[in-house]
Amino acid sequence: MAEITMTQALNLAIDEAMADDPGVFCLGEDVAAKQGGGVFKITSGLSEKYGENRIRATPISETAIIGAAVGAALAGQRPIAEIMLMNFVGVCMDQIVNHAAKLRFMSGGQTPCPIVIRTTTGVGVGFGGQHSDMLEAWFAHVAGIHVVTPSNAADARGLMRASIDANDPVIFIENILCYGLKSEDPGPGYRVPLGKAAVAREGSDISIITYGRTVLDALSVAADLEKEGISVEVIDLRTIAPYDEATVLASVRKTGRALTLHEAVRPFGTGAELAANIQEKCWDSLKGPVRRIGGTFSAVPFASHLEQAWIPNKADIVAQIKASVGKD
Amino acid sequence: MAANAKEIDRDKLLDIYTRTMKVNRTDEKFRALLMQGKVAVMYYCVRGQELVSAAAMAALEKDDYVVCTYRGQGEQTAKGIPIEKWWGECLGKATGTCKGKGGTMHITDPETGIMVTTGVVGSGLPIANGLAMASQNNGDGRVTLVSFGDGAANIGGFHEAMNMAQLYKLPVVFLCQNNRYGEHTAYADHTDSPNIASRAAGYGMPGVTVDGNNVHEVYPAVKEAVDRARRGEGPSLVEAMCYRMMGHFFGSDFSYMPPEHLAEMAAEDPLPKLRKVMLEHQFTEEELDSIVDGINAEIDAAVEHALAAPLPDVSEIYKDVLEEVN
């Protein structure tokens, strides 16, 4: 089967869902053909196919975009809203947190809100402080939302399809540096269920729990360390919230050591929650403290050497693993 | 718009009167229960604004959508929400519209078309656009009406929503109930433009200011906006000038409301004015009293039912968070 990039994978998943269900539609800034099919081309070709009512290019109005998605979802449709860059979610947090996330609960289950909020981000592209943040912890802290991020093209296709199927809001985070990654195309109808992690690599000495672009770093480090006799298991959460606790705990019980890894800043990040939960539930299996790696606690800098210094790197991961297994 | 020149037929007048009195008797009952200490919950009084809600809801069809605010009792009861369920929700009971998990500020009843009651000022407008967008997408012919106060006209979402609605010609009616206060701040202290309706021009949509105490102004204006939306001609902004005769929420201090202004506005009370209109249209005192008696009896029974109803089971806090968690 042919290879596809993550960009193609997302486009295929959305195209397929739109073909299957007339209630699926996209809205966001620049998403239609006239505006170039989306800044990152995810919706390229779709307005020509489905018309401009189903691929609605919007004004720069994030609150109105998410509000419209919420309203349409309450009326039984399945909107896919694009917030061009994740930092802009700050503009529409009221609609996401107070409305999308809570309307199922506050209505006693009468008005679920099945929306997918696609957004892009990532450190390492020189976008600076207001276009690079990983803000998944903001949403993981709110009951009523799924938070999803793929680390490869096949998962992107399957997770997007499952997100559109979901009967609740999903924040779907796309790392810009992953758009070009290629996988074997899993084909039409492929779904990766929400809330299921992948064991991206099996190992026996330590578990790295990670997601998104840093899965690649974890896998690369694991391959290198194997040569030194250290066996690293890599868990790709795929769904950050609610996450696959069973897979995470089983892995840590097996290896006895855990390292959480993410691009988002370390303090109060999702790694803190994972670490706390692992320590509560796997205390008897642990051979040492759970370690955490995350981004530097500052805004993401512009200058490339500063940006590279900001982001967790492979040397950090290697050092932490060696310290954990007592081979530093 | 020469709204006051439009006549309203007797059946519609009776309909509006009945809805208005339902709103008013519900409000009086709620305040009485709070005064008697029989219930202790947040309640946002609608005294003075009854007619606006009632006339607006009378301009909608049964399956049209409504988005309202925490001061949404008028829209909810006038649209026809089952009142036992409404009282159940306000009292936090398992029999409520939302199983007691929404409360006075978050009433939802899709059967009645009450899709969202938001506690966040101005948040309803962008959501109303989405409901209208769904109707436009699937051609169901429904209109969405979103009600909000003058204070809401100053949040960003108002402007984003107005622009987007007009851009897509969405079947939505923006109903501003200008009750002269944004929480504790008087209109003149939060807005320097003479009215809210004039903002519509900035987005290319029709906007009209009407006397919210005059049925012959409110109903035709909202009806025209609803008809226009249903014809696919896009949104309108209707601003109904009314007056919140009490504080922001029941029991809150309202010393910031000048007594002389309160007295002046009491003379504008929509209820005696509506009664006068009804009598002019040959409805008798007896007929009108009998309608109110019927409403009172219905409300009394609903309140008794709600007071006696069970509380939601504590396990409810884990339910309806996500579908998968149920």
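**Exercise 1.** Which kind of contact do the side chains of Glu16(A) and Arg161(A) make in this predicted model?

*Solution.* Start with the atoms: N and O lie 2.6 Å apart, and the two side chains form a salt bridge. Next, place the partners: Glu16(A) sits in helix H1 and Arg161(A) in helix H7, with their positions 145 residues apart in the chain. Then check the surroundings: Glu16(A) and Arg161(A) are both buried. Finally, look for further partners: a network of salt bridges links Glu16(A) and Arg161(A) with Asp20(A), Arg157(A) and Asp185(A).

**Exercise 2.** Work out why Glu245(A) and Lys281(A) tie together separate parts of chain A, and classify the exposure of each.

*Solution.* First, the closest N and O atoms of the pair are 2.7 Å apart, in a salt bridge. Glu245(A) belongs to helix H9 and Lys281(A) to helix H10, so the bridge joins parts 36 residues apart in sequence. For exposure, the partly exposed class runs from 20% to 50%. Glu245(A), at 30% relative accessibility, is therefore partly exposed. Lys281(A), at 40%, falls there too.

**Exercise 3.** Describe how chain A meets chain B.

*Solution.* Begin with the contacts: 40 residues of chain A touch 41 residues of chain B. The buried area comes to about 3,200 Å², with 61% from carbon and sulfur atoms. On chain A's side, Arg56(A), Phe105(A) and Met106(A) supply 20% of the area buried against chain B, more than any other three residues. Now turn to polar chemistry: the interface has 0 salt bridges, but 17 residue pairs in polar contact. Last, H3(A) gives the most residues to chain A's side, namely 10.

Key. Residues are numbered from 1 along each chain as its sequence is written. Chains are lettered from A and ligands numbered from 1 in the order in which they are written. This is a predicted model: local features need pLDDT of at least 70, side-chain atom pairs count only at pLDDT 80 or more; totals for chains, interfaces and linings use all residues. Side-chain values use heavy atoms; hydrogens and water are left out. Contact means heavy atoms within 4.5 Å. Buried area is the accessible area (1.4 Å probe) that two parts lose on being put together, summed over both. A salt bridge is a side-chain nitrogen of Lys or Arg within 4 Å of a carboxyl oxygen of Asp or Glu. A polar contact is a pair of N or O atoms within 3.5 Å; within protein, one must be able to donate a hydrogen and the other to accept it, and residues adjacent in sequence count only if both atoms are side-chain atoms. Helices (H or I, at least four residues) and strands (E, at least two) are DSSP runs, numbered from the N terminus. Buried means under 20% relative accessible area, exposed over 50%, partly exposed in between (1.4 Å probe, protein chains only).
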